[in-house]
Amino acid sequence: MRRRRVSRFERMLPDILMAAPAVVVAAAILWLFTVGPMRDPRSALQDFYQGEDRPEEQLCDPLILAGPRVVPLVIADLPKKGTPHRLNAIRFLGNGRYARALPALQQLLADDQEYVTFRVEAFRAIYQISPDRARQLAPVYGYGRDQLARVAADIAAHRDPGCWTRTYWQALRHQHSE
């Protein structure tokens with residue numbers, strides 16, 4: 001009986017299969033430190049600022065994936081009025097419910113020289129972080145006919161003021177709702 005000739009690939013297959021888990025682990029570790037939650041916070045912030053090619057709802061994804069480690073950098077840039085994607089940075093702080101952002105958000109809300117759009121998002125972010133604190137602030141801003149007064153009225157009436165939300169898993173999967 002003649003033996004079948006074994007190809008070179010067939011001889012290497014067991015070695016390939018044994019190396020596959022190590023390659024997968026290496027790829028996962030590489031992803032963790034370059035794109036995922038373990039990446040450098042400054043790199044995530046820079047990615048956020050340069051995210052012109054992403055749809056609107058995905059702009060905060062680098063910040064969401066970096067999580068609490070990027071929050072001090074975002075808070076430091078919040079008072080700078082020329083900061084790119086500043087509105088989305090405010091939304092990120094509210095979405096993540098980062099309590100240490102409350103003083104900066106309250107300062108932004110109280111600034112009469114600030115655009116109303118930014119003040120409204122700051123109010124919504126405060127509501128997401130601390131609904132009780134937002135309800136305490138609501139009477140101060142509940143007068144008038146502008147968008148800020150409408151959001152204050154919603155908060156005072158225990159209605160959702162239309163807060164922006166995005167989960168970690170949506171950011172991780174780059175989920176885009178159309």
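**Helix H5 and its aromatic surroundings**

Phenylalanine 118 has a relative accessible area of 17% and is therefore buried (under 20% relative accessible area; exposed is over 50% and partly exposed lies in between, with a 1.4 Å probe and protein chains only). The model is predicted: local features need pLDDT of at least 70, side-chain atom pairs count only at pLDDT 80 or more, and totals for chains, interfaces and linings use all residues. Residues are numbered from 1 along each chain as its sequence is written, and side-chain values use heavy atoms, without hydrogens and water.

Five aromatic pairs occur in the structure (ring centres of Phe, Tyr or the six-membered ring of Trp within 6.5 Å; planes under 30 degrees apart are stacked, over 60 edge-to-face, the rest tilted). Phenylalanine 92 and tyrosine 98 form a tilted pair, because their planes meet at 45°, with ring centres 5.4 Å apart. Both phenylalanine 92 and tyrosine 98 are buried. Tyrosine 115 and phenylalanine 118 are also tilted, since their planes stand at 40°; their centres are 6.2 Å apart. Tyrosine 115 counts as exposed, at 63% relative accessibility.

Phenylalanine 118 also lies beneath a charge. The charged end of arginine 86 sits over its ring, 4.8 Å from the centre (NZ of Lys or CZ of Arg within 6 Å of the ring centre and within 35 degrees of the ring normal).

Arg86 and Phe92 are among the buried residues of H5. Helix H5 spans residues 86–95, and 10 of its 10 residues are buried (helices are DSSP runs of H or I, at least four residues, numbered from the N terminus). Its cover includes helices H2 (41–49), H3 (61–66), H4 (71–77), H6 (102–110) and H7 (116–129). Arginine 97 follows H5, with a positive phi near 55°.

Technical notes
Helices (H or I, at least four residues) and strands (E, at least two) are DSSP runs, numbered from the N terminus. Contact means heavy atoms within 4.5 Å.
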